[in-house]
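Okay, everyone, thanks for coming. Let me put the sequence and the model up, and then I'll walk you through a few spots.

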Amino acid sequence: PNVKDFLITARQLFPYSEIQLVTNGILFNKRKEELLDTINNNYIVLCISNYGLKNIDFYQLVHGVQYYRIDAKTDMYNISLDLKGNHSRFIGFDNCDLHTYKWYYFQGGNFYPCCIGANVHIFNEKFGYNLPEPRGYSIYTYSEEEILYLLNQPIELCEYCDTLKRQQSYHEFS
C-alpha cells in the first residue's frame, strides 16, 4: 500500500540511479491511475514481466507511462542453493549476476543485496531450513552512501549460492 512513498523516497535517495518497479501487471492495473503520476514524475521504469499471461493487455497497461519495458519471459530463472553452504562468500559474490547487474531488492522500506536474501525466510519456514537471513538496510536509518556500500559487500548467505551453476540453468516457463 505504500509503494508510492517508497518510489518517491528511493528517487530522493538515489537521484541518478535507474529505479524499476517490477511487476507481472496483475495488481498494477488496479492501482495504475494512483501510481501513474508518481512513476512519471520520478522517472521510474515500469518493468512488466510477461510470463505468457493471457488475460492482460500489456500495452494497454503501460498506456500513459513514460518509461516502461515489457519483458517477454519464456524461461524461469533457477536459484541454485547449496544447502550446506560450501562456497566462498567472496567467490560467490564476485560471480553473482544479481550483484554484477546491481539487482538490489527493495521490500518494506529496506534494501537487500538480492531477492534471495530478502525472501530466504520464506524458504526457511516452508522447508524447515535455517539458512542465514540477511537484514535489510532501512532507507530511514542509513544514508545513500551507507546503503550502497552495504549492498556491495558479500554476506553470509553468499556461501549458500551456487552462482556458477545458477547462471547455466534456466527452465522453460509453463
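Let's start inside: which helices each supply at least two residues of the lining of the largest cavity? Before I answer, one caution: this is a predicted model, so keep that in mind throughout. The answer is α4 and α5, the second of these being residues 97-100.

So how much space are we talking about in the largest cavity? About 110 Å³. And if you search the whole structure for cavities of 30 Å³ or more, you get one.

Have a look at what lines the space. Among the lining residues are Gly92, Phe93, Cys96, Leu98 and His99. Further along the sequence you pick up Pro113 and Cys114, and then Ile155, Leu157, Cys158, Cys161 and Thr163. Sort the lining by class and you get nine nonpolar residues, three polar ones and no charged ones.

Okay, on to charges. Side chains of opposite charge can pair when their charged atoms come close. How many salt bridges does the structure hold? Two.

Take Arg89 and Glu159: their side chains meet in a salt bridge, 2.8 Å from N to O. Arg89 sits in helix α4, while Glu159 is in the loop between α7 (144-151) and α8 (163-166), so this pair ties together parts that are 70 residues apart in sequence. You'll remember α4 from the cavity, as one of the helices supplying at least two lining residues. Arg89 itself is partly exposed, with 24% relative accessible area.

The other bridge is between Glu34 and Arg31, with the closest N and O atoms 2.9 Å apart. These two are three residues apart in helix α2, residues 28-41, so about one helical turn separates them. Is Glu34 buried, exposed or partly exposed? Partly exposed, at 40% relative accessible area. Arg31 counts as partly exposed too, at 23%.

Last stop, the surface. Which residues make the nonpolar patch of about 290 Å²? Leu83, Phe127 and Tyr129. If you want to find Leu83 on the screen, go to the loop between β4 (75-77) and α4 (89-94). Leu83 has a relative accessible area of 35%, which makes it partly exposed; patch residues need over 30%, so Leu83 can be counted in.

That's my tour. To recap: a largest cavity with no charged residues in its lining, two salt bridges, and a nonpolar surface patch that includes Leu83. Happy to rotate the model if anyone wants another look.

Conventions: Residues numbered from 1 in each chain as written. Predicted model: local features only at pLDDT ≥ 70, side-chain atom pairs only at ≥ 80, totals over all residues. Heavy atoms only, no water. Patch = residues over 30% accessible without salt bridge, like charges linked within 9 Å, V, L, I, M, F, W, Y side chains within 5 Å. Areas by Shrake-Rupley, 256 points an atom, 1.4 Å probe, with all protein chains shown as cover. Salt bridge = Lys/Arg side-chain N within 4 Å of Asp/Glu carboxyl O. Helix = DSSP H or I, 4+ residues; strand = E, 2+ residues; numbered from the N terminus. Buried < 20%, exposed > 50% of the residue type's maximum accessible area, 1.4 Å probe, protein only. 1 Å grid on protein atoms, 1.4 Å probe; cavity = no way out; pocket = protein on both sides within 12 Å on 5 of 7 lines; lining within 4 Å. Points joined across faces, edges and corners; volume = space filled by probe spheres on them. Nonpolar A, V, L, I, M, F, W, Y, C, P; charged D, E, K, R; others polar.
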